[in-house]
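This report introduces a protein structure to a reader who has not met it before. It goes from the overall fold to the links between distant parts of the chain, and then to the pockets.

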Amino acid sequence: MAFHSFNGRFVAGVALTGFMLAAAGCQSSDNGILGFGKKDATPPPPPDPKVLSSQLQAYCPKVTLRDGTAFFNTYAKSGPKPKKKPDVAAEEAAQPAVDAAGVDQPDDSAKIIYQASITDVTRDCSRANGSLSMKIAVAGKVVPGPMFTPGSITMPIRIAVMHGTEVLYSQLHSYQVQVTDPSSATQFVFTDSNVVVPEPTAKDYQAYAGYDEGAPKVATDKPRKKKAAATN
């Protein structure tokens, strides 16, 4: 009887051990034994966005107008100011001083000869030998002012291309437009076809167009000769 009892316990133990191994085997197929090698269900982070070569080939920097560069006015020269009468000058001198910040600026609109404005900008790009060539066009109109006289107006138009704070191209053009009709606006289109910059490696170029009256003047005055000492 003892022998049979031992065999019964042995068979039961073997069966239990087989069941546990089978269960462990089923778990290890997905998560591994005791959780080691468990698969992470969290999706991987998206890769950094990269500009494709085809996108760079199609990239043409956008042209924008900076604030204050879309308008350009020309004014008639003012004549000499009339001299004040002594009594008027004395009365003005006796009046209390007025803060300059509170004084209205004089209205020069009546002295405008022409008023020019830029209404649209566009560009075209091509690539060759590691360079980007651009044609930048500026469209606008010239409206005669109160002091209109038939003739030509010379407009200072600057075209520039920037890479961050780096100036890749900058050119100031003196563009002339003939205006003859005082009753209507004269349309114009200016094109700079000579814009050449290094071919970009990213979509981070910025082109600008607009009127620029603040260009530095080139000194052309020759040094004055010293006067010869007067001889007795």
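What percentage of the 232 residues in the protein is made up of buried residues? The structure is a predicted model, and in this model buried residues make up 23% of the 232 residues.

## Overall fold

The protein has three helices and eight strands, and along the sequence these elements follow the pattern α-α-β-β-α-β-β-β-β-β-β. Strands of a sheet pair through backbone hydrogen bonds, and this pairing is either parallel or antiparallel.

Four of the strands form an open sheet with mixed pairing, and their order in this sheet is E1-E8-E5-E6. The edges are formed by strand E1 (63–64) and strand E6 (166–179), each of which pairs on one side only. E1 and E8 run parallel and are joined by two bridges, and within this part of the sheet Thr-64 stands opposite Tyr-208 in E8.

Another pairing involves E2 and E3, which run in the antiparallel sense and are paired over five bridges; here Asn-73 of one strand stands opposite Gln-115 in E3. In a regular strand the side chains alternate between the two faces of the sheet. In E2 the covered face carries Phe-72 and Thr-74, whereas Phe-71, Asn-73 and Tyr-75 belong to the uncovered face.

## Links between distant parts of the chain

Which two cysteines form a disulfide? A search of the whole structure finds one disulfide, and its partners are Cys-60 and Cys-125, whose sulfur atoms lie 1.8 Å apart. The link of Cys-60 and Cys-125 is right-handed, with 75° about the S-S bond. It connects distant parts of the chain, since Cys-60 sits in the loop between helix H2 (53–58) and E1, while Cys-125 belongs to strand E3, 65 residues apart. A disulfide is a covalent bond between the sulfur atoms of two cysteines. Cys-60 counts as buried, because its relative accessibility of 17% falls under the 20% cut-off.

Salt bridges also join separate parts of the chain, and the count comes to two. In one of them Arg-127 pairs with Glu-199, with the closest N and O atoms 3.4 Å apart. Arg-127 lies in strand E3 (residues 112–128) and Glu-199 in the loop between strand E7 (186–198) and strand E8 (206–211), so this pair ties together parts that are 72 residues apart in sequence. Both ends of this bridge are partly exposed: Arg-127 has a relative accessible area of 22%, and Glu-199 has one of 27%.

In the other salt bridge the side chains of Arg-158 and Asp-212 meet at 2.5 Å, N to O. Arg-158 belongs to strand E5 (residues 151–163) and Asp-212 to the segment after E8, so the pair ties together parts that are 54 residues apart in sequence. Arg-158 is partly exposed, with a relative accessible area of 23%.

## Pockets

The table sets out the two pockets described here.

| Pocket | Volume | Nonpolar lining residues | Polar lining residues | Charged lining residues |
|---|---|---|---|---|
| Largest pocket | about 230 Å³ | five residues | five residues | two residues |
| Second largest pocket | about 170 Å³ | six residues | two residues | three residues |

Which strand gives the most to the lining of the largest pocket? E2 does, with four residues, and strand E2 (71–75), E5 and E6 each supply at least two residues of this lining. Among the residues that line the largest pocket are Phe-72, Asn-73, Thr-74 and Tyr-75, together with Thr-154, Met-155, His-173 and Glu-213. Phe-72 and Thr-74 are on the covered face of E2, and Asn-73 and Tyr-75 are on the uncovered one.

For the second largest pocket, the largest share of the lining, four residues, comes from E8, and E5 and E8 each supply at least two residues. Its lining includes Arg-66, Thr-69, Ala-160, Met-162 and Val-167. Tyr-208, the residue opposite Thr-64 in the pairing of E1 with E8, is also one of the residues of this lining.

The salt bridge of Arg-158 and Asp-212 can be placed against these pockets as well. Arg-158 and Asp-212 are both among the residues that line the second largest pocket, and Asp-212 is also one of the residues lining the largest pocket.

Key:
Residues are numbered from 1 along each chain as its sequence is written. This is a predicted model: local features need pLDDT of at least 70, side-chain atom pairs count only at pLDDT 80 or more; totals for chains, interfaces and linings use all residues. Side-chain values use heavy atoms; hydrogens and water are left out. A salt bridge is a side-chain nitrogen of Lys or Arg within 4 Å of a carboxyl oxygen of Asp or Glu. Buried means under 20% relative accessible area, exposed over 50%, partly exposed in between (1.4 Å probe, protein chains only). Two strands pair if DSSP finds at least two bridges between them. A disulfide is a pair of cysteine sulfur atoms within 2.5 Å. On a 1 Å grid over the protein atoms alone, a cavity is a set of points where a 1.4 Å probe fits but cannot get out, and a pocket is an open set with protein on both sides within 12 Å along at least five of seven lines; lining residues have an atom within 4 Å of a point. Grid points are joined across faces, edges and corners, and a volume is the space filled by probe spheres set on the points. Ala, Val, Leu, Ile, Met, Phe, Trp, Tyr, Cys and Pro count as nonpolar, Asp, Glu, Lys and Arg as charged, and the others, Gly among them, as polar.
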